[in-house]
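Q: I'm new to this structure and would love a close look at one part of it. Could you take me through the sheet in the second part of the list of strands, and what packs around it?

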Amino acid sequence: MLEIRRAKDEDFHRFSLKGREALIRSTAYIAVDNNKIVMEANFRYMGLTHAMVEFEGKENKNIQDKLIQEFLWLSPFVKSIFVDGDMIFNENAREIKKVLIDELIPNQYSIAQSKYNNVKSWLSRVEELVVGAFEYQNNFYVIDGHSRLKAAKELGMKECFIYEEQQTPFFVELIDWCREKGVANIDDVVINPDSVHQIEWIDRCQEYLKKHD
């Protein structure tokens with residue numbers, strides 16, 4: 001069965017050299033069939049709301065389209081993608097706006113050390129800092145991009161861009177989790193070894209979602 005997903009760190013050893021920079025930036029996507037990567041899609045942002053993609057693997061338009069849709073689902077603010085000399089437009093692109101990082105409240109209390117290190121190796125401009133957030137009780141809560149925000153603060157950045165996501169019961173539940181841990185801003189989010197982050201955050205989230213599926 002064909003699986004379309006964003007590439008993970010454990011995929012690194014079987015990734016093409018061309019795609020490893022995209023993997024580090026979390027902009028590499030793969031199509032997997034019978035545990036074998038049949039196609040890579042290596043995306044690169046071009047400015048705030050535009051991107052380009054290069055495919056690796058036997059040409060298959062159907063799989064390419066699925067990879068592009070997966071990218072747009074996780075990067076809904078992208079308005080256009082340059083593909084093999086053509087331009088694909090996203091008519092449902094979310095609008096973005098610039099805000100102060102300190103105005104955002106985290107919805108995650110743990111960050112994986114490896115992911116944080118990866119981000120610090122390439123993050124250098126505020127244009128690379130677009131994160132998803134939802135509004136709740138007159139505050140904006142971050143749902144994605146905590147590693148980038150944490151690294152940005154350390155690098156001296158004060159602003160970022162956000163696009164709005166819809167509030168869900170799970171997102172609201174995470175607010176309480178973070179309050180329990182005393183997390184009120186990005187400075188409070190703890191960078192943990194990957195094994196600790198797995199237990200502290202990923203396993204807890206997966207267990208909650210299983211119970212409330």
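**A close look at one sheet and its surroundings**

A: Let's start with a single pair of strands in this predicted model: S7 and strand S12 (residues 159-164) are joined by five bridges and run antiparallel. Within that pairing, leucine 100 sits opposite glutamate 159 in S12.

Now widen the view to the sheet that holds this pair. It is an open sheet of five strands, ordered S7-S12-S10-S11-S8, with mixed pairing. Strand S7 (96-100) and strand S8 (104-106) are the edge strands; each has a single partner strand, so one side of each has no neighbour in the sheet. On average, neighbouring strands here are turned by 50° against each other, direction ignored.

Next come the helices that lie on these strands. H4 lies across S8, strand S10 (130-136), strand S11 (139-142) and S12, and runs at about 105° to S10. Helix H5 (residues 169-180) also packs on the sheet, where it touches S8, S10 and S11, and its direction makes about 95° with that of S10.

What fills the space between these elements? A general tendency helps here: in soluble globular proteins, nonpolar side chains tend to be buried together. In this model, the largest nonpolar core has 35 residues, and Leu104, Leu149, Cys160, Ile162 and Trp177 touch the most other members. At least two residues of this core come from each of S8, H3, S10, S11, H4, S12, H5 and helix H6 (194-211). H5 gives the most, with six residues.

Isoleucine 162 is a good place to pause. Leaving aside residues up to four places away in sequence, isoleucine 162 touches Glu95, Ile96, Lys97, Val99, Leu104, Val131, Ala133 and Phe140. There is also a second, separate core of 22 residues, which includes Ala51, Ile63, Phe71 and Phe77.

Let's turn to the aromatic rings. A search of the whole structure finds 15 aromatic pairs. One of them brings together phenylalanine 134 and phenylalanine 171: the ring centres are 5.4 Å apart and the planes are at 20°, so the pair is stacked. Phenylalanine 134 belongs to strand S10 and phenylalanine 171 to helix H5, so this pair ties together parts that are 37 residues apart in sequence. Both phenylalanine 134 and phenylalanine 171 are buried.

A further pair has another geometry. The rings of tryptophan 177 and tyrosine 208 have centres 5.8 Å apart and planes at 85°, so this pair is edge-to-face. Here too distant parts of the chain are linked: tryptophan 177 is in helix H5 and tyrosine 208 in helix H6, 31 residues apart. Tryptophan 177 counts as buried because its relative accessibility is 4%, and tyrosine 208 is buried as well, with a relative accessible area of 15%. For both, the cut-off is under 20% relative accessible area. Remember that Trp177 was also among the core residues that touch the most other members. Ring pairs join Tyr109, Phe134, Tyr136, Tyr141, Phe170, Phe171, Trp177, Trp201 and Tyr208 into a cluster.

Helix H3 deserves a look too, since H3 supplies at least two residues of the largest core. In H3 (residues 113-122), the buried residues are Tyr116, Val119 and Trp122. Seen down the axis of H3, these buried residues fall within an arc of 135°, so they line one face of the helix. They pack against H1, strand S9 (110-112), helix H4 (146-154) and strand S13 (190-192).

To place all this in context, here is the other sheet. Six strands make up an open sheet in the order S1-S2-S3-S4-S5-S6, again with mixed pairing. Its edge strands are strand S1 (3-6) and S6, each pairing on one side only. Neighbouring strands in this sheet are turned by 25° against each other on average, direction ignored. Helix H2 (residues 61-74) lies across S1, S2, S3, strand S4 (50-56), S5 and S6, at about 50° to S3.

Two pairings in this sheet are worth finding on screen. S2 and strand S3 (residues 36-45) run antiparallel and are joined by six bridges, with valine 32 opposite isoleucine 37 in S3. Strand S5 (residues 80-83) and strand S6 (residues 86-89) are also antiparallel, joined by four bridges, and valine 83 stands opposite aspartate 86 in S6. The hairpin of S5 and S6 has two residues between the strands, and aspartate 84 there takes a positive phi near 50°.

Notes
Residues numbered from 1 in each chain as written. Predicted model: local features only at pLDDT ≥ 70, side-chain atom pairs only at ≥ 80, totals over all residues. Heavy atoms only, no water. Buried < 20%, exposed > 50% of the residue type's maximum accessible area, 1.4 Å probe, protein only. Arc of directions from axis to C-beta. Contact = heavy atoms within 4.5 Å. Pairing = 2+ DSSP bridges. Axes fitted to C-alpha atoms, helices over the stretch in contact; angles between N-to-C directions. Core = buried A, V, L, I, M, F, W, Y, C linked by side-chain atoms within 4.5 Å. Phe/Tyr/Trp six-rings, centres within 6.5 Å; stacked < 30°, edge-to-face > 60°.
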